[in-house]
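User: Could you walk me through a few points of this model, with the reasoning behind each one?
Analyst: Happy to, let's take a look at it together.

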Amino acid sequence: MKIIHKYNCAGVCLYLSVLFLIMISGLTSTAWGDSSMCLSCHGDKSLTKTDSRGNKISLFVSEEEFKKSVHGSIACSDCHTQILDDSHAQKKGKKVDRKVDCGSCHEESEKIYQTSVHRLKAEISCKECHGYHYVTPLSNPKSATYRTNLVQTCGACHGEESKQFAESVHGVGLSRGRPNHPTCTTCHGTHGIKPRSDPDSAVHERKIAITTCPQCHAAEQITREYRFTTKPVKSYYDSFHGLSYRGGDTFSANCASCHGVHDIRPSSDPKSMIHKDNLQKTCGACHPKASLNFARGKIHTLPDIKGGDFGEKVVGWVRVTYIFLIVSVIGGMIFFNFTDWLRKTIDRKP
Amino acid sequence: MARKYLRMTLNERIQHLNLAINFTILVITGFALKYPEAFWASPITDVPLGMTFRGFLHRLSGVATVTLGGYHLLYLAFTERGRQIVKDMIPTFKDAVDLWETLKNNLFINRPAKIIKMGRFNFREKFEYLGLIWGTIVMTVTGFILWFKEEWLLFFPMWTFDVARAIHFYEAILATLTILVWHFYSVILNPDVYPMNWAWIDGHLTEHEMELEHGMELERIKEEEKRRLVDFQEASNAGGGRIYPLHPESSSRLNVRRFYGIVQDLNESIKNWKGI
């Protein structure tokens, strides 16, 4: 009985000590895990540091805001993996390794980002666009990467382009909150943005008229919703410009050659490249001899005998007449030659 | 040895070759623009500046073809043979009849088949030649409109340019198919001439070919030759209108006897050499 009691005592002691150890370790990890230890200092609004240039920089992290962010459920130490304990706060002015590797979770985005011009030619990393402590999802209208906010986000560096875009037919529609209106990323892509000169770039000149513009302007759903037609794309592909472009000609005009890039405006806008007063200049970029009459004609036309445009009707009838002519003449020739061949072959039969 | 009849002079053969090469270049470089994704267009579209070079070559060949057309007009106007070609090329009612009768022969409606004797240019050739002239005029006019669009659009609205584009394209299809179906049947696939009518290379037709395709012309030639010989007094006396070659072997190949004679003559001349 005594022996048993002794055993029990030892067992309980062992159990308790193990439990205690677990508790200790659990306590420490919990202290890091819920970020309370970090926020005990960084939750203070007056916490600042002075950087090498002498600027005062706030080190405040709002717990409330952070909890609302998309990363609200993870701990400081999940991202700030280089900060192991609170020793970084001991010495004043000690450089803290704040390096955060988003790619440890966002592997796919990281992989694409590595090939982007922002990574290769500049030091624009995740946080420049997405923010850091208060990253919100793409769907959140307050997010820096929300569709309508991208103009400002990208505009922080690309000011001129953003300004032009904001005044364009695309930008105006976008700022009115219309769905499907393009924003920066619709054409340029997201993580893997490449320079225009890169053949893999979404806005490379070989892609402009194949994917960049037609992704919306040849899309049935979008064209139906906004009551414009896919005719410009179709007719472009069948025009000299489009045919030569499809064959790899880089001197041939693509969509952007006439309509502009960021500042695409409707033809009714006097500032538009395709406004009737500016057309001679627009055409003249490639056709220096272009007359006023040269620029007056309709460009995006398709042959159609029932078409609204007179020229379309005429070309449609030319087409119908020629097809009739070709079928009858060539068909007649084939028939005649076939009978001729048949007769001569039969005559030669031994 | 079968007699041969001159069909195309060297001049005409060079004209034909010139047209054939330029036409082929025009067809390839032209349709490569309309069908840039086609597999056969890849030698043009895969090369850097391929499309630019394509356009240049198309215009170059176009100018060459138009120049050839101009030369051909001069040839027709200022040579004896050319003027005769124009006269022989005029379509007549007989051509329509020939076509109709050929069709009836082919379909076994004429039993037995009628022997059709056609002139120097039969209905197939007249149709093709006149079609070629028509096509060249159309392609030249529309082609120059497309080339000099700035000048054209000084005076005409844009839709006329679109019409010119459409005509240029459809006329090209018509011309190409005509060559493939009509011309290539006449000179290649036709069982009478298969594997090829050699006139475009050696310039001659055999008597058999003449009989089949230009019976009337053959009769005319024989008639004329006979008349000439009759007019030639000595010949008519010697053969009573029938002519036999004086030296039958002279036209045949070099035989041993003739070769020996040549050597003997040479020996004689050396033996009798007296200096200059």
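User: Where in chain A is Asn180(A) found?
Analyst: Glad you started there; keep in mind that this is a predicted model. Asn180(A) has a phi near 75 degrees, a positive value in a residue other than glycine. Its place is the loop between α10 (169-175) and α11 (184-188) of chain A.

User: Is Asn180(A) buried, partly exposed or exposed?
Analyst: The count to use is that of other C-beta atoms within 10 Å, where 20 or more means buried and 12 or fewer means exposed. Asn180(A) has 14 of them, so it is partly exposed.

User: And how does Leu49(B) count, buried or exposed?
Analyst: Leu49(B) is not a glycine either, yet it has a positive phi of about 65 degrees. It sits in the loop between α2 (42-45) and α3 of chain B. Since it has 12 C-beta neighbours inside 10 Å, and 12 or fewer is the cut-off, Leu49(B) counts as exposed.

User: Which residue does a cis peptide bond join to Arg111(B)?
Analyst: Look at omega, which is about -5 degrees for this bond. The partner is found in the loop between α5 and α6 of chain B. That residue is Pro112(B).

User: What is omega for the cis peptide bond from Tyr194(B) to Pro195(B)?
Analyst: Pro195(B) lies in the loop between α8 and α9 (199-202) of chain B. For the bond that leads to it from Tyr194(B), omega is near 10 degrees.

User: How far apart are the end C-alpha atoms of helix α6 of chain B?
Analyst: This helix covers residues 123-147, which is 25 residues. At 1.5 Å a residue they should span 36 Å. The model agrees with that, because the end C-alpha atoms are 35 Å apart.

User: Which helices help to cover the buried residues of α6(B)?
Analyst: Among those buried residues are Phe123(B), Met139(B) and Ile145(B). What covers the buried set includes, from chain B, α3 (50-78), α4 (80-89), α5 (93-106), α7 (149-155) and α8 (158-189).

User: Which element supplies the largest share of the side of chain A that touches chain B?
Analyst: In total, 41 residues of chain A are in contact with 35 residues of chain B. Both α16 (240-246) and α19 (310-348) of chain A supply at least two residues of that side. The largest share, 23 residues, comes from α19(A).

User: What separates the centres of domain 1 and domain 2 of chain A?
Analyst: The domain assignment gives domain 1 as 228-300 and domain 2 as 302-331. Taken over C-alpha atoms, their centres are separated by 25 Å.

How values were computed
Residues are numbered from 1 along each chain as its sequence is written. Chains are lettered from A and ligands numbered from 1 in the order in which they are written. This is a predicted model: local features need pLDDT of at least 70, side-chain atom pairs count only at pLDDT 80 or more; totals for chains, interfaces and linings use all residues. Two residues are in contact if their C-beta atoms, placed from the backbone, lie within 7 Å. Helices (H or I, at least four residues) and strands (E, at least two) are DSSP runs, numbered from the N terminus. The expected span of a helix is 1.5 Å times one less than its number of residues. Domain bounds come from an automatic or database domain assignment.
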